[in-house]
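Student: Could you take me through the metal site of this protein closely, and then show me what surrounds it in the rest of the fold?

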Amino acid sequence: MTHTLHGLVIRETAVKEQDKFLTVLTAELGKISVYCHGARSVKSRHIAAAQLFCYNEFVITSRGDTYTLKEAVLQDNFYALRNSFERLALAQYVVEVLGEMTSECEDCGALLRLALNTLYALSYTDKPEAIIKAAFELRAISEEGFMPDLGVCAGCGEMAEVMYLDVMNGHLICGGCAEEVDPAAMAARGTNFILLNVGPDVLEGMRYVLRAPLGRLFSFSMNEHDLADFTVVCERYFVNHMERSFKTLEFYNSLR
Ligand SMILES: [Zn+2]
């Protein structure tokens, strides 16, 4: 069976002398592995498109779960990523995350659009990396089913001057209600209990990321102090719900 579809190359693996496996994120088929005969040969007509970060129109054939590349027409390779070591490292984190998230995605199209918007922002705009990274993490983990409830305190239903994000439960707790929580009792129940202070502007930034249209996802700003907090809150929330660490994230953070 032949399929024509669009997809983003999120991983490449060398096979044999001249061949490659590409892991491709598509809207229609989710994450698929595509075998590319001869794609590592300099003579291959697929050499430009059969690369990491390439967004292509693919023609592939399938036999069972095996997909083979017939044609790949490059739409964008986000080439400008290579102009910045930090931005390239961040893009590598983005695609590692996608590889981890999308095995059973319900709406792979939403994740694919998020990925393309993120790579576009990293390649073609001067939007701050910290904004791009944090907004990607928060939006991606929400797509994965862990959207935090950022309305009001989950204990008393009010807003207060001091608010915390209860990371594992994905909701807000006010300063007053937080005092009534007994950390020892939570630990005894085996709950990985983390409260992170979120100031009003950090909270507003998080709410923006959850509701913004994708094309405007990174179009907001924060002062330096709030942005530092926002970065920490989004990364902690993301990593805790993914329940794993990422080598590419550790590498990116080691550059900072
Ligand atoms: Zn409360």
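Tutor: Along the chain, the donors of the zinc ion are spaced as C-x2-C-x17-C-x2-C. Please keep in mind that this is a predicted model. The four residues behind that pattern are C153, C156, C174 and C177, and each coordinates the zinc ion through its SG atom, at 2.3 to 2.4 Å. The angles among the four donor atoms run from 103 to 114°, and the site is tetrahedral. For reference, the ideal angle for four tetrahedral donors is 109.5 degrees.

Let's look at where two of these donors sit. C156 belongs to the loop between β6 (149-153) and β7 (163-166), while C177 is in helix α4 (residues 175-180); the two are 21 residues apart, and the pair links distant parts of the chain. How buried or exposed are the donors C156 and C177? C156 has a relative accessible area of 38%, so it counts as partly exposed. C177, at 17%, is buried, because the cut-off for buried is under 20%. C174 is buried as well, with a relative accessible area of 6%.

With cysteines on your mind, you may wonder about disulfides. A disulfide is a covalent bond between the sulfur atoms of two cysteines. A search of the whole structure finds zero of them.

Just before strand β6 in the chain comes M147, in the loop between α3 (129-146) and β6. M147 is exposed, because its relative accessible area is 52% and the cut-off for exposed is over 50%. Its C-alpha atom is separated by 12 Å from that of C234, although the two residues are 87 residues apart along the chain.

Now for the aromatic side chains. A pair of aromatic rings is described by the distance of the centres and the angle of the planes. The count here comes to nine aromatic pairs. One of them joins Y93 and F238, with 6.3 Å from centre to centre and 85° between the planes, which makes it edge-to-face. Y93 lies in helix α1 (residues 85-101) and F238 in helix α7 (residues 224-242), so this pair links parts of the chain that are 145 residues apart. Y93 is buried at 0% relative accessibility, and F238 is buried with a relative accessible area of 0%.

Helix α7 takes part in a further pair, between F220 and F230: the ring centres are 5.7 Å apart and the planes meet at 85°, so this pair is edge-to-face. F220 comes from the loop between α6 and α7 and F230 from helix α7, so the pair ties together parts that are 10 residues apart in sequence. Both F220 and F230 are buried. Elsewhere, ring pairs link F78, Y120 and Y124 into a cluster. A ring can also meet a charge: the charged end of R244 sits over the ring of F246, 4.1 Å from its centre.

How far can you trust the picture? The protein averages a pLDDT of 93, and 96% of the residues score at least 70. Among the elements, helix α6 (residues 200-211) has the highest mean pLDDT, 98, and helix α5 (residues 183-188) the lowest, 71.

Notes: Residues are numbered from 1 along each chain as its sequence is written. This is a predicted model: local features need pLDDT of at least 70, side-chain atom pairs count only at pLDDT 80 or more; totals for chains, interfaces and linings use all residues. Side-chain values use heavy atoms; hydrogens and water are left out. pLDDT is the predictor's confidence in each residue, from 0 to 100. Helices (H or I, at least four residues) and strands (E, at least two) are DSSP runs, numbered from the N terminus. Donors are N, O and S atoms within 2.8 Å of the metal (3.2 Å for Na, K and Ca); water is not among the atoms, so sites may look incomplete. Four donors count as tetrahedral if all angles lie between 85 and 135 degrees; four count as square planar and six as octahedral if opposite donors are over 155 degrees apart and all others between 65 and 115; anything else is irregular. Buried means under 20% relative accessible area, exposed over 50%, partly exposed in between (1.4 Å probe, protein chains only). Rings of Phe, Tyr and Trp (its six-membered ring) pair if their centres lie within 6.5 Å; planes under 30 degrees apart count as stacked, over 60 as edge-to-face and the rest as tilted. A charge sits over a ring if NZ of Lys or CZ of Arg is within 6 Å of the ring centre and within 35 degrees of the ring normal. A disulfide is a pair of cysteine sulfur atoms within 2.5 Å.
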